Structures are given as C-alpha cells and as structure tokens.
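Notebook open, model loaded. I'll jot down what I look up as I go.

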Amino acid sequence: MRIARCVKGIPHFVPQGRYPLGRGLSMPLLCLCLLLSLPVLAAGDPKLGKPLHDKQCVACHVKLLGGDGSGMYTRKPRLINDAVALGQRVAACAAQTNAGWFPEDEAHVTAWVNQNWYKFK
Ligand code: HEC
C-alpha cells in the first residue's frame with residue numbers, strides 16, 4: 001500500500017526512470033561516499049606503518065634518548081596511557097614533522113607503535 005502511494009506521489013510530468021535523483025545518480029553517489037569514507041574508518045596496518053615510522057619518527061626520538069629511540073614509548077611514567085591518546089599523539093607528531101600524511105597513514109603508524117610497544121586493546 002505504502003509503496004503504491006509513494007509511486008503515485010511522483011509528479012506525473014517527470015518521466016519514469018528519469019527522476020532527477022533517481023536510480024541513475026544516487027547509486028554512484030552512494031558508492032563514492034562509501035569509498036571516500038573507507039580509509040578513515042579502516043583500522044591501521046602495522047606493516048604499512050613501520051616504514052613511515054622509521055622515516056619520520058625514529059631519528060628524533062633516538063637523538064633525545066639514544067638506543068633505537070623506542071625508549072620514548074617504554075619510559076616510565078609515559079605520557080600516553082590509552083589508544084585514543086596514542087592516536088592523537090601520533091597525529092600531532094606527524095603534523096609537526098610536515099610529513100604530509102593522510103589520516104590512514106597516521107592510523108598505520110599508530111597501529112605499528114601500538115603493536116610493538118603500547119599494546120593497548
Ligand atoms: C622533532 C622531534 C620529534 C619527532 C620528529 C617526533 N617526536 Fe615523538 N616525541 C618527541 C618528544 C620530545 C616527546 C616527549 C614529549 C613530552 O615528554 O612531552 C615525544 C613523545 C612521543 C610519544 C609519547 C611517548 C610517551 O611518553 O608515551 C609518542 C607516542 C610519539 N612521540 C610518537 C611520535 C611519532 C609517531 C612520530 C612520527 C610521526 C614522532 N613521535 C616524531 C619528539 C619527536
């Protein structure tokens with residue numbers, strides 16, 4: 001009943017199948033929106049994060065603390081105590097280095113740092 005009423009509601013001067021935002025346009029749009037939102041939602045991949053981290057993050061931590069720089073993540077008390085704070089810290093540090101990373105790059109690096117040192121769930 002509902003659907004029938006709805007169809008009747010389409011103004012009769014608009015040719016069937018060529019409705020302005022009908023099937024023709026809305027499906028590609030929906031796909032595009034889904035595609036664009038995927039990288040942001042996707043969880044980081046530590047394997048992709050490692051080279052980025054090696055390139056942009058390690059040298060400065062080594063200069064500060066010596067060793068392989070990982071002392072920055074294992075010091076006590078450490079600054080970062082949950083996964084959200086870690087993500088924010090990585091994003092803030094990445095912004096400082098002018099690395100030009102995309103949010104998914106930050107997610108990869110966060111995943112790498114977390115997998116190796118912080119181990120937040
Ligand atoms: C120019 C130097 C420099 C660079 C480059 C740098 N960091 Fe840092 N990082 C620091 C300093 C200094 C601290 C300690 C900040 C403090 O104690 O307030 C720190 C702290 C951190 C911490 C928190 C450590 C803790 O106590 O838990 C994380 C996580 C971190 N950095 C990640 C990164 C990542 C990821 C990158 C690469 C995008 C990066 N850093 C690049 C200097 C740097």
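**Helix 7 and the ligand shell**

I started with burial in helix 7: Asp-105, Glu-106, Ala-107, His-108, Val-109, Thr-110, Ala-111, Trp-112, Val-113 and Asn-114 are buried. Buried here means 20 or more other C-beta atoms within 10 Å of the residue's own, with C-beta atoms placed from the backbone. Helices are DSSP runs of H or I, at least four residues, numbered from the N terminus.

Note to self: this is a predicted model, where local features need pLDDT of at least 70 and side-chain atom pairs count only at pLDDT 80 or more, while totals for chains, interfaces and linings use all residues. Residues are numbered from 1 along each chain as its sequence is written.

Next I checked the cover over those buried residues of helix 7, and it includes helix 3, helix 5 and helix 6. Just after helix 7 I found Lys-119 with a positive phi, near 60°.

Then I looked up the largest nonpolar core (buried Ala, Val, Leu, Ile, Met, Phe, Trp, Tyr and Cys residues joined through C-beta atoms within 7 Å). Its eight residues are Leu-86, Val-90, Ala-94, Ala-107, Val-109, Ala-111, Trp-112 and Val-113. Helix 7 gives the most to this core, five residues.

Last, the ligand: I get 20 residues around it, with Cys-57, Cys-60, Arg-78, Leu-79 and Cys-93 the closest. To count, a residue's C-beta atom, placed from the backbone, must lie within 6 Å. Among the elements giving two or more residues to this shell are helix 3 (46–56) and helix 7 (103–118), but helix 6 gives the most, with five.

Methods:
Buried ≥ 20, exposed ≤ 12 C-beta atoms within 10 Å, placed from the backbone. Contact = placed C-beta atoms within 7 Å.
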